[in-house]
Amino acid sequence: MFIESDFLQVRLESVYNINSSDGNMSIVSLVSNDETRQLTFICDRCFIDKFELHDDDIDEQNGKPSRLLPEVLLRVIDAVDDSLLDDLRVIITGISDGEYQSYLVASDNRICFPIRLVDAVLLSKISSVCLYVRKDVLLRQGSVYSKDDIYTKSMPISILPTSKLKNALEKALRDEDYRLAKVLSDELKNRK
């Protein structure tokens, strides 16, 4: 599953909070290490809360969060096999129903578990686990990266959850924006 030449390494660049009619959401931006492409996705407020929780729970002795479950599990893994964490990576392989498909894998593919992308980003932030995205996914779903206009890039509608697409379609019809309604309707049909 993981062939390094098929993937590019990415890192967390930013998290931008937005208020919407159906609750607080965030736009998360992952950037390729060569800073040429970015991949964005939407998550709910829970993601930001997790990040803030990890930032706030710092052990005064070593400067790292220590009591939260992800950090405790990382310490257990490290105690059992101190080389395993260096061998793990998260790979983003595609998109389905508006959600990126991501997996926690070992470099020799002996371990492969699905993981939500928001959790994978958090794991990467608190550990040495790197994030990789398939090159074709980054080219198709990503956009050109620019530090100057990171929050003004458009996002492909394929990354929106079906429920949000349905809401957007209803709004487009109410607003008599039939061109947008057609695009949204076609995306919903493609998902069936």
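Is Arg191 buried, exposed or partly exposed? With a relative accessible area of 21%, Arg191 is partly exposed, because buried means under 20% and exposed means over 50%. Keep in mind as you look around that this is a predicted model.

## The overall picture

Let's start with the whole protein. It has seven helices and eight strands. Of its 192 residues, 39% count as buried. Now think about which parts of the chain meet: among contacts between residues at least 6 apart in sequence, 52% join residues at least 24 apart.

## Two helices that cover each other

Two of the helices, α6 and α7, make a good pair to study. Helix α6 covers residues 162-174, and helix α7 covers residues 178-190.

Take α6 to begin with. It has 13 residues, and the distance from its first C-alpha to its last is 18 Å, close to the 18 Å expected at 1.5 Å a residue. Its buried residues are Thr162, Leu165, Leu169 and Ala172. These buried residues lie on the same side of α6, because they cover an arc of only 80° around the axis. A general rule helps here: an α-helix has 3.6 residues a turn, so residues three or four places apart point the same way. What lies over the buried residues of α6? Part of the cover comes from α7.

You can try the length check on α7 too. At 1.5 Å a residue, its 13 residues should span 18 Å, and the C-alpha atoms at its ends are 18 Å apart, which agrees. The buried residues of α7 are Ala181, Leu184, Glu187 and Leu188. They share one side of α7, because their arc around the axis is only 125°. The cover over these buried residues includes α6. Turn to the face of α7 that points away from its buried side, and you will find the exposed residues Tyr178, Arg179, Lys189 and Asn190.

## Back to Arg191

Arg191 sits in the segment after α7. Which residues does Arg191 touch, leaving out those up to four places away in sequence? They are Asp97, Gly98, Ile157, Ser158, Ile159, Leu160, Pro161, Thr162 and Leu165. Two of these names may look familiar, as Thr162 and Leu165 are among the buried residues of α6. Arg191 and Thr162 are 29 residues apart in sequence, and their C-alpha atoms are 8.4 Å apart in space.

## A buried tyrosine in a strand

Next, find Tyr100, which lies in strand β5 (residues 99-106). Tyr100 has a relative accessible area of 5%, so it is buried. Setting aside neighbours within four places in sequence, Tyr100 is in contact with Leu39, Thr40, Phe41, Ile92, Gly94, Ile95, Leu117, Val137, Gln141 and Ile159. Tyr100 and Ser158 are 58 residues apart along the chain, and their C-alpha atoms are separated by 9.5 Å.

## Two residues with positive phi

Now for the backbone. Most residues other than glycine have a negative phi, and most peptide bonds are trans. Which values do Glu35 and Glu176 take? Phi of Glu35 is near 55°, a positive value in a residue other than glycine. Phi of Glu176 is also positive and near 55°. Glu35 is in the loop between β2 (23-32) and β3 (37-44), while Glu176 is in the loop between α6 and α7.

## Accessibility side by side

The table gathers the relative accessibility of several single residues, including two cysteines.

| Residue | Relative accessibility | Class |
|---|---|---|
| Cys43 | 7% | buried |
| Cys112 | 35% | partly exposed |
| Glu35 | 30% | partly exposed |
| Glu176 | 56% | exposed |

## Side chains and rings

How many disulfides does a search of the whole structure find? The count is zero. A search of the whole structure for aromatic pairs also finds zero. There is still a ring worth finding: the charged end of Arg134 sits over the ring of Phe7, at 5.8 Å from the ring's centre.

Terms used:
Residues are numbered from 1 along each chain as its sequence is written. This is a predicted model: local features need pLDDT of at least 70, side-chain atom pairs count only at pLDDT 80 or more; totals for chains, interfaces and linings use all residues. Side-chain values use heavy atoms; hydrogens and water are left out. Helices (H or I, at least four residues) and strands (E, at least two) are DSSP runs, numbered from the N terminus. The expected span of a helix is 1.5 Å times one less than its number of residues. Buried means under 20% relative accessible area, exposed over 50%, partly exposed in between (1.4 Å probe, protein chains only). The arc is that of the directions from the helix axis to the C-beta atoms. Contact means heavy atoms within 4.5 Å. A disulfide is a pair of cysteine sulfur atoms within 2.5 Å. Rings of Phe, Tyr and Trp (its six-membered ring) pair if their centres lie within 6.5 Å; planes under 30 degrees apart count as stacked, over 60 as edge-to-face and the rest as tilted. A charge sits over a ring if NZ of Lys or CZ of Arg is within 6 Å of the ring centre and within 35 degrees of the ring normal.
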